Amino acid sequence: KDYKKMERSGCFRGKEGQVKEFVRYFTRTYIGLKLKGKRAAPSYSHSFWNHHDVILEDLPRTTNMCEGYNAALNLVSPKRATIWQVIQVIRREEAYTMTKINESLEEPDDGEEGDEEEEKTRNARATEIQKRHARLKNIVSGYA
(Lines give C-alpha, C1' and ligand atoms only; values in the text may rest on other atoms or scores of the structure.)
Protein backbone atom coordinates (compact mmCIF):
# COMPACT_ATOMS: atom_id res chain seq x y z
CA LYS A 1 0.00 0.00 0.00
CA ASP A 2 2.67 2.53 1.07
CA TYR A 3 4.98 1.22 -1.65
CA LYS A 4 2.31 1.97 -4.28
CA LYS A 5 1.96 5.53 -2.89
CA MET A 6 5.71 6.03 -3.14
CA GLU A 7 5.67 4.67 -6.68
CA ARG A 8 2.93 7.12 -7.71
CA SER A 9 4.78 10.01 -6.08
CA GLY A 10 7.61 9.66 -8.58
CA CYS A 11 10.35 9.32 -5.97
CA PHE A 12 11.66 6.22 -7.78
CA ARG A 13 11.85 7.97 -11.16
CA GLY A 14 14.86 6.71 -13.07
CA LYS A 15 15.53 3.95 -10.54
CA GLU A 16 12.42 1.79 -11.05
CA GLY A 17 14.43 -1.30 -12.04
CA GLN A 18 16.73 -1.08 -9.01
CA VAL A 19 13.82 -0.51 -6.62
CA LYS A 20 11.83 -3.45 -8.02
CA GLU A 21 14.92 -5.65 -7.79
CA PHE A 22 15.43 -4.65 -4.14
CA VAL A 23 11.75 -5.19 -3.25
CA ARG A 24 11.84 -8.64 -4.88
CA TYR A 25 15.04 -9.50 -2.96
CA PHE A 26 13.56 -8.27 0.33
CA THR A 27 10.29 -10.13 -0.24
CA ARG A 28 12.04 -13.38 -1.22
CA THR A 29 14.53 -13.17 1.65
CA TYR A 30 12.42 -11.92 4.56
CA ILE A 31 8.71 -12.32 3.69
CA GLY A 32 8.39 -15.07 1.07
CA LEU A 33 7.31 -14.74 -2.56
CA LYS A 34 3.73 -15.44 -3.61
CA LEU A 35 3.69 -18.50 -5.85
CA LYS A 36 0.38 -19.82 -7.24
CA GLY A 37 -1.60 -17.91 -4.63
CA LYS A 38 0.48 -19.23 -1.71
CA ARG A 39 3.42 -17.57 -0.03
CA ALA A 40 6.67 -19.55 -0.22
CA ALA A 41 8.91 -19.81 2.81
CA PRO A 42 11.40 -16.91 3.03
CA SER A 43 15.16 -17.49 3.09
CA TYR A 44 15.15 -16.39 6.75
CA SER A 45 12.20 -17.42 8.89
CA HIS A 46 10.23 -14.64 10.52
CA SER A 47 11.24 -15.87 13.97
CA PHE A 48 14.89 -15.29 13.02
CA TRP A 49 14.56 -11.57 12.32
CA ASN A 50 11.24 -10.47 13.80
CA HIS A 51 11.59 -8.70 17.16
CA HIS A 52 7.89 -8.42 18.07
CA ASP A 53 8.03 -10.79 21.06
CA VAL A 54 11.52 -9.61 22.07
CA ILE A 55 10.21 -6.05 22.41
CA LEU A 56 7.10 -7.07 24.33
CA GLU A 57 9.20 -9.17 26.74
CA ASP A 58 11.74 -6.34 27.29
CA LEU A 59 14.66 -8.42 26.01
CA PRO A 60 17.72 -6.91 24.27
CA ARG A 61 17.20 -6.35 20.54
CA THR A 62 20.89 -6.33 19.69
CA THR A 63 24.06 -8.14 20.66
CA ASN A 64 25.92 -4.86 21.31
CA MET A 65 26.84 -5.90 24.86
CA CYS A 66 28.45 -9.12 23.59
CA GLU A 67 30.16 -7.33 20.71
CA GLY A 68 31.66 -4.77 23.08
CA TYR A 69 32.91 -7.46 25.44
CA ASN A 70 34.41 -9.42 22.53
CA ALA A 71 36.14 -6.29 21.20
CA ALA A 72 37.61 -5.58 24.65
CA LEU A 73 38.89 -9.15 24.97
CA ASN A 74 40.48 -8.92 21.52
CA LEU A 75 42.36 -5.80 22.63
CA VAL A 76 44.04 -7.60 25.54
CA SER A 77 44.51 -10.97 23.83
CA PRO A 78 47.63 -11.78 21.84
CA LYS A 79 47.20 -12.60 18.14
CA ARG A 80 47.23 -16.36 17.47
CA ALA A 81 47.02 -17.08 21.19
CA THR A 82 47.68 -20.53 22.60
CA ILE A 83 45.05 -22.11 24.82
CA TRP A 84 47.15 -21.21 27.87
CA GLN A 85 47.28 -17.55 26.85
CA VAL A 86 43.51 -17.54 26.39
CA ILE A 87 43.11 -19.06 29.87
CA GLN A 88 45.33 -16.30 31.32
CA VAL A 89 43.24 -13.61 29.63
CA ILE A 90 40.04 -15.16 30.98
CA ARG A 91 41.51 -15.38 34.50
CA ARG A 92 42.57 -11.70 34.39
CA GLU A 93 39.12 -10.76 33.14
CA GLU A 94 37.50 -12.71 35.97
CA ALA A 95 39.73 -11.04 38.56
CA TYR A 96 38.88 -7.61 37.13
CA THR A 97 35.15 -8.43 37.14
CA MET A 98 35.27 -9.65 40.75
CA THR A 99 37.08 -6.44 41.77
CA LYS A 100 34.38 -4.33 40.08
CA ILE A 101 31.62 -6.37 41.77
CA ASN A 102 33.24 -5.96 45.18
CA GLU A 103 33.70 -2.21 44.62
CA SER A 104 30.05 -1.87 43.70
CA LEU A 105 29.02 -3.66 46.90
CA GLU A 106 31.05 -1.32 49.10
CA GLU A 107 29.53 1.86 50.42
CA PRO A 108 29.99 4.66 47.90
CA ASP A 109 32.36 7.55 48.55
CA ASP A 110 31.23 11.13 48.37
CA GLY A 111 32.87 11.07 44.96
CA GLU A 112 34.31 13.88 42.97
CA GLU A 113 32.30 16.51 41.18
CA GLY A 114 33.25 15.06 37.78
CA ASP A 115 31.79 11.73 38.84
CA GLU A 116 28.44 13.38 39.59
CA GLU A 117 28.30 14.99 36.15
CA GLU A 118 29.22 11.71 34.51
CA GLU A 119 26.50 9.96 36.52
CA LYS A 120 23.92 12.58 35.48
CA THR A 121 24.88 12.09 31.84
CA ARG A 122 24.59 8.30 32.15
CA ASN A 123 21.22 8.61 33.88
CA ALA A 124 19.90 11.02 31.25
CA ARG A 125 20.99 8.65 28.47
CA ALA A 126 19.39 5.67 30.23
CA THR A 127 16.16 7.61 30.70
CA GLU A 128 16.08 8.52 27.00
CA ILE A 129 16.66 4.88 26.01
CA GLN A 130 13.87 3.77 28.36
CA LYS A 131 11.50 6.35 26.83
CA ARG A 132 12.32 5.19 23.30
CA HIS A 133 11.80 1.57 24.30
CA ALA A 134 8.45 2.41 25.90
CA ARG A 135 7.32 4.18 22.69
CA LEU A 136 8.43 1.24 20.57
CA LYS A 137 6.73 -1.23 22.87
CA ASN A 138 3.54 0.80 22.72
CA ILE A 139 3.60 0.69 18.90
CA VAL A 140 4.46 -3.01 18.70
CA SER A 141 1.82 -4.02 21.24
CA GLY A 142 -0.82 -2.85 18.74
CA TYR A 143 0.13 -5.71 16.38
CA ALA A 144 -0.90 -9.29 17.00
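The following is a dialogue about why certain labels apply to parts of this predicted model.

Student: What makes the phi of K36 worth a remark?

Tutor: Most residues other than glycine have a negative phi. The phi of K36 is near 55°, a positive value, and K36 is not a glycine. K36 lies in the loop between β1 (34-35) and β2 (38-39).

Student: Why is K36 called exposed?

Tutor: The relative accessible area of K36 is 87%. Exposed means over 50%, so K36 is exposed.

Student: Which sign does the phi of R80 have, and where does R80 lie?

Tutor: R80 has a positive phi of about 50°, although R80 is not a glycine. R80 is in the loop between α5 (64-76) and α6 (83-105). With a relative accessibility of 83% against a limit of over 50%, R80 counts as exposed.

Student: How do you know that helix α1 lies largely in the open?

Tutor: Buried means under 20% relative accessible area. Helix α1 (residues 2-9) has eight residues, and the number buried is zero, so α1 lies largely in the open. After α1 comes G10, with a positive phi near 90°.

Student: What makes K4 and E7 a salt bridge?

Tutor: The rule asks for a side-chain nitrogen of Lys or Arg within 4 Å of a carboxyl oxygen of Asp or Glu. For K4 and E7 the N to O distance is 3.7 Å, and the two side chains form a salt bridge. Both residues lie in helix α1, three residues apart, which is about one turn of the helix.

Student: Why are K4 and E7 called partly exposed?

Tutor: Partly exposed is the range between under 20% and over 50%. K4 has 46% relative accessibility, so K4 counts as partly exposed. E7 has 28%, so E7 is partly exposed too.

Student: How many salt bridges does the rule give?

Tutor: The count comes to seven salt bridges. One of them joins E117 and K120, whose closest N and O atoms are 3.8 Å apart, and the limit is within 4 Å. E117 and K120 are three residues apart in helix α7, and therefore about one helical turn separates them.

Student: Are E117 and K120 exposed or partly exposed?

Tutor: E117, at 46%, is partly exposed. K120, at 52%, counts as exposed, because the limit for exposed is over 50%.

Student: How do you know that R132 and E128 form a salt bridge?

Tutor: The N to O distance for R132 and E128 is 3.7 Å, and the rule accepts pairs within 4 Å. The two residues are four apart in helix α7, so they are separated by about one helical turn. R132 is partly exposed at 41%, and E128 is partly exposed at 32%. Elsewhere, salt bridges with shared partners join E118, E119 and R122 into one network.

Student: Where else does R132 appear?

Tutor: R132 is one of the residues that line the largest pocket, including also L59, P60, R125 and H133. That pocket holds about 340 Å³ of space. α7 (113-140) and α5 are the elements that give two or more residues to its lining, and α7 gives the most, with four residues.

Student: Why is the pair of Y30 and W49 called edge-to-face?

Tutor: By the rule for ring pairs, the count comes to seven aromatic pairs. Y30 and W49 form one with centres 5.8 Å apart and planes at 85°. Centres must lie within 6.5 Å, and planes over 60 degrees apart count as edge-to-face, so the pair has that name. It links distant parts of the chain, with Y30 in helix α2 and W49 in helix α3 (residues 46-49), 19 residues apart.

Student: What makes Y44 and F48 a stacked pair?

Tutor: Their ring centres are 5.5 Å apart and their planes are at 20°, so the pair is stacked. The limit for stacked is under 30 degrees. Y44 is partly exposed at 39%, whereas F48 is exposed at 60%.

Student: Which residues do ring pairs link into a cluster?

Tutor: The cluster holds F22, Y25, F26, Y30, Y44, F48 and W49.

Student: Which residues form the nonpolar patch on the surface?

Tutor: F22, Y25, F26 and I31 form the patch, with about 360 Å² of accessible area together. Y25 is in helix α2 (residues 16-31). Y25 has 36% relative accessibility, and patch residues need over 30%.

Key:
Residues numbered from 1 in each chain as written. Predicted model: local features only at pLDDT ≥ 70, side-chain atom pairs only at ≥ 80, totals over all residues. Heavy atoms only, no water. Buried < 20%, exposed > 50% of the residue type's maximum accessible area, 1.4 Å probe, protein only. Patch = residues over 30% accessible without salt bridge, like charges linked within 9 Å, V, L, I, M, F, W, Y side chains within 5 Å. Areas by Shrake-Rupley, 256 points an atom, 1.4 Å probe, with all protein chains shown as cover. Phe/Tyr/Trp six-rings, centres within 6.5 Å; stacked < 30°, edge-to-face > 60°. 1 Å grid on protein atoms, 1.4 Å probe; cavity = no way out; pocket = protein on both sides within 12 Å on 5 of 7 lines; lining within 4 Å. Points joined across faces, edges and corners; volume = space filled by probe spheres on them.
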